[in-house]
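Colleague: I am new to reading protein models, and I would like to learn how to look at a ligand site and at packed helices. Could we go through one example together, step by step?

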Amino acid sequence: MEQANFWDERYDRYGHTGWSNQQLYDYDQKNRLNYFARFLSGLKCQQLLDIGCGTGDFIALLGQMFPQANIKGLDISPLTVQACADRFKHNQNIEIATADITQAQLGTDMYDLVVSMTVLQHITEIKTLSKVLLDIRKSLVTEGRFVFLENVYSKGENTDYLNRSFSRKDWISLCQDQGFIIEHSGPYPQWGVVLVEGLLSNLNYLKRLVKRMKASDNPQSSYASNQMAGSTGSGQLKKVLMKLMLSASAVLDRKLSVPVPRSLVRYELFVCRAVP
Ligand SMILES: C[S@@+](CC[C@H](N)C(=O)[O-])C[C@H]1O[C@@H](n2cnc3c(N)ncnc32)[C@H](O)[C@@H]1O
């Protein structure tokens, strides 16, 4: 229940379960869906599943791309599921349910396409994740696809909830071990997010520096720090800078799809094919 509460609270606070920074979320969510659409466009699907559907942005995209298909969305957060179900209450072919994917019964040969966007990265145990991947593979018909996007921070030993990280190679071998063929794996173009996060962490660093200087007894530092605080502390300035960076990055991210260098890659998209 701890996880469900975490996501409920997040939904309650932000109105969605994505980035806490609304500007970044608006930018990135649009990008991610655009990027996914490229890999789904050639597929023929009748039964679809979105794991960790959140408030349903991906389901809306699937509904547009596959208007004749039956689409199911699952999410662990009851509040988010309620919002998502309300959103699609007039769509007969869309069903939303509360379920923890680590315990859900997905069935066998049920779906032509299963998708998931930044959900499995929150499963912290390899054993559990492997079981989930096996369940997903079994739920797909032969030649069905599992298309997902996950965090690929460099490999670490941190097992805290939300902070467990797998490398690209880990994701690939985890999927292969459960009988998937990897058709594609590639970095998600994310210049906007990388640049803005760099900007924010520098601004935060400056803020902390200013605070420390203020705390010191040196009146000269104190004067300097006040000047700095004036120039860095403005939320408005931050927003304008972010807007500029995001607009500039949109060309690279959306139009040209140029990935950031491998060392800065945060997310990778995988297309996996189910074989018996
Ligand atoms: C970062 S959000 C992404 C939401 C959505 N996929 C999107 O991109 O808009 C992660 C979502 O996964 C859901 N989630 C986390 N752990 C889950 C689990 N074990 N089973 C089902 N859903 C889960 C959360 O409630 C949340 O809505």
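**Reading the ligand shell and the helix packing**

Modeller: Please keep in mind that this is a predicted model. A good place to start is the shell around the ligand, to which helix H1 (2-14), helix H3 (57-65) and strand E2 (70-75) each supply at least two residues.

Colleague: Which residues come nearest to the ligand?

Modeller: The shell around the ligand holds 21 residues, and of these Trp7, Thr17, Gly52, Gly54 and Ile76 come nearest. When the shell is sorted by class, it has eight nonpolar, 10 polar and three charged residues.

Colleague: If I step back to the whole protein chain, how many helices and strands are there?

Modeller: The protein chain has nine helices and seven strands. Of its 276 residues, 33% count as buried. Another way to read the fold is to ask how far apart in the sequence the contacting residues are: among contacts with a separation of 6 or more, 72% are between residues 24 or more positions apart.

Colleague: How should I read the packing of two helices, and at what angle do the axes of helix H7 and helix H9 cross?

Modeller: One looks at the distance between the axes and then at the angle, where an angle over 145 degrees counts as roughly antiparallel. Helix H7 (residues 191-215) and helix H9 (residues 235-256) have axes that come within 8 Å and cross at roughly 155°, which makes H7 roughly antiparallel to H9. The crossing in which H7 passes H9 is right-handed.

Colleague: Which residues of H7 and H9 meet there?

Modeller: From H7 come Trp191, Gly192, Leu195, Val196, Leu199 and Leu203, and they meet a set in H9 that includes Leu241, Met242, Met245, Leu246 and Ala250, with Lys238 and Asp253 also among them. By class, this contact of H7 with H9 has 11 nonpolar, two polar and two charged residues.

Colleague: Is the crossing of H2 with H7 left-handed or right-handed?

Modeller: H2 passes H7 in a left-handed crossing. Helix H2 (residues 22-40) packs against H7 at an angle of about 160°, and their axes are 10 Å apart, so H2 and H7 are roughly antiparallel to each other.

Colleague: And which residues form the contact of H2 with H7?

Modeller: Leu24, Tyr27 and Asp28 in H2 meet Gly192, Val193 and Val196 in H7, and the residues of this contact divide into four nonpolar, one polar and one charged. Gly192 and Val196 of H7 also appear in the contact with H9.

Terms used
Residues are numbered from 1 along each chain as its sequence is written. This is a predicted model: local features need pLDDT of at least 70, side-chain atom pairs count only at pLDDT 80 or more; totals for chains, interfaces and linings use all residues. A residue is near a molecule or strand if its C-beta atom, placed from the backbone, lies within 6 Å of it. Helices (H or I, at least four residues) and strands (E, at least two) are DSSP runs, numbered from the N terminus. Ala, Val, Leu, Ile, Met, Phe, Trp, Tyr, Cys and Pro count as nonpolar, Asp, Glu, Lys and Arg as charged, and the others, Gly among them, as polar. A residue is buried if 20 or more other C-beta atoms lie within 10 Å of its own, exposed if 12 or fewer, and partly exposed in between; C-beta atoms are placed from the backbone. Two residues are in contact if their C-beta atoms, placed from the backbone, lie within 7 Å. Axes are lines fitted to C-alpha atoms, for helices over the stretch in contact, and angles run from 0 to 180 degrees between N-to-C directions. Angles under 35 degrees count as roughly parallel, over 145 as roughly antiparallel, 65 to 115 as roughly perpendicular and the rest as oblique. A crossing is left-handed if the near helix is turned anticlockwise from the far one by less than a right angle, and right-handed if clockwise.
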